[in-house]
Amino acid sequence: DTLRLLVKSRLEKDKCQVQAAGDGEEALKLFQASTPDIVISDVFMPKMDGFELCRQIRQTDKNTPIIMLTSMNDVKDRIKGLDAGADDYIVKPFAPKELEARVRSMLRRKEAAGGGGSGGVSDVFGETLGNFSVSGGPVDSAEMVSKVQEIDRLLGLLKAASGSDPGEI
């Protein structure tokens, strides 16, 4: 849950509008309804895993960039994700700044290809990372702001203690 909020907070600081789904099926419906500029998905999600989500999206949309962000680090899993339709596969732990840079890079390529690039991000994290409307139900916005502020304070403490930005999470 904390990691999900951290990723959301960092992407929003990059001026991304972030949407979320509670599970893979909801993610697919959200994707079909809103056609985001990019999708970030975990592999582990209830109802439909990230691999199947990629396959389903690719049946109707070959262009929207999809980033898999997951703890599954075996080469077979990476190949499975890329073969399912993901454009990138990031293994946890990861550097948040690298994720941000990869999102910006994919949005630049999409915009250059004439596919938009308004900055909208559909963030479709599964159970490992949590969803923005996590399986326990929607998160109260005041609670979310409080948690994001808490994360920012913790990151500030880590940065101050180490003298640099925390490298991986």
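Visitor: Which helix gives the most to the lining of the largest cavity?
Guide: This is a predicted model. In it, α1 (2–13) and α5 (96–112) each supply at least two residues of that lining. The top contributor gives four residues, and that helix is α1.

Visitor: Which residues line the largest cavity?
Guide: Helices α1 and α5 each bring at least two of them. The full list is Leu-6, Val-7, Arg-10, Leu-11, Phe-94, Pro-96, Leu-99 and Glu-100.

Visitor: How many residues of each class, nonpolar, polar and charged, are in that lining of the largest cavity?
Guide: Arg-10 and Glu-100 are among the lining residues, and Arg and Glu count as charged. The tally is six nonpolar, no polar and two charged.

Visitor: What volume does the largest cavity have?
Guide: A search of the whole structure finds one cavity of 30 Å³ or more. The largest cavity has a volume of about 40 Å³.

Visitor: Is α2 roughly parallel or roughly antiparallel to α3?
Guide: The axes of α2 (residues 24–34) and α3 (residues 50–60) come within 10 Å and cross at roughly 25 degrees. Angles under 35 degrees count as roughly parallel. So α2 and α3 are roughly parallel.

Visitor: Is the crossing of α2 and α3 left-handed or right-handed?
Guide: From α2, the contact takes in Gly-24, Ala-27, Leu-28 and Phe-31. From α3 come Leu-53, Gln-56 and Ile-57. By class, this contact has five nonpolar, two polar and no charged residues. The crossing of α2 and α3 is right-handed.

Key
Residues are numbered from 1 along each chain as its sequence is written. This is a predicted model: local features need pLDDT of at least 70, side-chain atom pairs count only at pLDDT 80 or more; totals for chains, interfaces and linings use all residues. Side-chain values use heavy atoms; hydrogens and water are left out. Axes are lines fitted to C-alpha atoms, for helices over the stretch in contact, and angles run from 0 to 180 degrees between N-to-C directions. Angles under 35 degrees count as roughly parallel, over 145 as roughly antiparallel, 65 to 115 as roughly perpendicular and the rest as oblique. A crossing is left-handed if the near helix is turned anticlockwise from the far one by less than a right angle, and right-handed if clockwise. Contact means heavy atoms within 4.5 Å. On a 1 Å grid over the protein atoms alone, a cavity is a set of points where a 1.4 Å probe fits but cannot get out, and a pocket is an open set with protein on both sides within 12 Å along at least five of seven lines; lining residues have an atom within 4 Å of a point. Grid points are joined across faces, edges and corners, and a volume is the space filled by probe spheres set on the points.
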